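Subject: Structure handover

Dear colleague,

Please find the structure below, with the sequence. My notes on what was found in it follow.

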Amino acid sequence: MDDKYAYKTGDYSSQSSAMDANHFALEGCGANGFALWVYMTQNNHEWGDLWNGEDLSIYSVDDKLLPLSPGPDGQSKATSNRSSPSYSHSRTNNRSPVSPRNLSSTLSTLSLSSQRSSTPAEIGSNPAYRAAEAYVRPSPIATVGNVLSYGFDLRNATFTMELECDIGAADDMPTEIYLPEFHFPRAKVSVEVSGGKWTLGVDDADGGLIQRLRWWHGEGRQHVTVQGVKRRQGMALGKEEEEGYLDQCQQTRCTIM
């Protein structure tokens, strides 16, 4: 896109806007799931997906992985300490024992390498997040009632959802929403609900720490709004500080005489 402008500058704002538009449309149409093409472990800035000139992978050896948190160290502030109030252990009925049949897969390790490619410096010296902030989005996991609408406003880092419920949420079966820490760091989240109570916690589910909003609400039409951290799209963390005077003025709608 844009003659590899993002690879030369680290500015993925065009890719981020395109990815955000696709996801926003999927959220708006009420699609029940979708597949995002493609994840290519050997993608690089020079040769793309290594097939037919395509360069669609959400991962590249020449780019950075999206950090869990937008903080300076990029580390998650979630905890796996079982005594912490922010820890919530996932429950599952799957307790498959290790056997000779599954031992090999249990002990296997991923072959993904973080080694940089031999991409020319002109298009490989400005790694960024490859528009990951646009596809790492909040979404409902389980809902009590029917979802009338939901969506994520990336520019304003705001998630909204509306439900229609015949019965209220039970103590052991709340509505659950996935909130990625990158957009919704625990200390900077604002939640507004039409009624009921909610908690924000972390589960060690599905092979990693997942931040979930659990919401116990009543029957009828209900809505929730979650406000996260707003940032300029398509830029690596810290890049905002490098913006020139003209960029800042354009964002604040001031006039240059």
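Cys165 stands opposite Gly220 in E9. This pair belongs to the antiparallel ladder between strand E4, residues 158-165, and strand E9, residues 220-227, which are joined by eight bridges. Elsewhere on E9, Thr225 faces Thr160. The model is a predicted one, and the strand pairing reported here is read from its coordinates.

E9 also pairs with E6, again antiparallel, over four bridges. Here Ser190 has Gln227 of E9 as its bridge partner. Together these strands belong to an open sheet of four, ordered E3-E4-E9-E6, with antiparallel pairing. Its edges are E3 and strand E6 (190-193), each of which pairs on one side only. On average, neighbouring strands of this sheet are turned by 10° against each other, direction ignored. As a general point, the strands of a sheet pair through backbone hydrogen bonds, in either the parallel or the antiparallel sense.

Strands E7 and E8 form a hairpin with two residues between them. E7 covers residues 197-205 and runs antiparallel to E8, with nine bridges joining the two. One of the paired positions is Val202, whose partner in E8 is Gln211. Asp206 in this hairpin has a positive phi, near 55°.

Two other backbone features deserve a look. Asp2, in the segment before helix H1 (5-9), also has a positive phi near 55°, and this residue is not a glycine. The peptide bond between Trp37 and Val38 is cis, with omega at about 15°. Val38 is in the loop between H2 and strand E1 (87-88). For context, most residues other than glycine have a negative phi, and most peptide bonds are trans.

On to the empty space. Which residues lie nearest the centre of the largest pocket? They are Val136, Arg137, Pro138, Ser139 and Tyr178, out of a lining of 34 residues. This pocket holds about 900 Å³ of space. Helix H2 (13-29) and the strands E2 (139-142), E3 (146-153) and E8 (208-216) each contribute at least two residues to its lining. E3 therefore appears both as an edge of the four-stranded sheet and as a contributor to this lining, while E8 links the hairpin to the pocket wall. By class, the lining of the largest pocket has 18 nonpolar, twelve polar and four charged residues.

The second largest pocket has a volume of about 410 Å³. Its lining comprises 16 residues, and those closest to the centre are Met1, Gln15, Met19, Asp55 and Leu56. H2 is the main contributor, giving four residues to the lining of this second pocket. The lining of the second largest pocket divides into ten nonpolar, three polar and three charged residues.

How many cavities of 30 Å³ or more does the model contain? The count is one. The volume of this cavity is about 90 Å³. Twelve residues line the cavity, and Glu133, Phe182, His183, Arg231 and Arg232 are the ones nearest its centre. Its lining has five nonpolar, two polar and five charged residues.

Last, the confidence of the prediction. The mean pLDDT of the protein chain is 80, with 71% of the residues at 70 or more. Residues 78-100 have pLDDT below 50, and this stretch makes 27 contacts in the model beyond near neighbours in sequence. A further stretch, residues 240-253, stays under 50 as well, with eight contacts beyond four places in sequence. Where pLDDT is low, the predicted coordinates should not be read in detail. Strand E1 (87-88) falls in the stretch 78-100, where pLDDT is below 50.

Regards

Terms used
Residues numbered from 1 in each chain as written. Predicted model: local features only at pLDDT ≥ 70, side-chain atom pairs only at ≥ 80, totals over all residues. Heavy atoms only, no water. 1 Å grid on protein atoms, 1.4 Å probe; cavity = no way out; pocket = protein on both sides within 12 Å on 5 of 7 lines; lining within 4 Å. Points joined across faces, edges and corners; volume = space filled by probe spheres on them. Nonpolar A, V, L, I, M, F, W, Y, C, P; charged D, E, K, R; others polar. Pairing = 2+ DSSP bridges. Axes fitted to C-alpha atoms, helices over the stretch in contact; angles between N-to-C directions. pLDDT = per-residue confidence, 0-100. Contact = heavy atoms within 4.5 Å.
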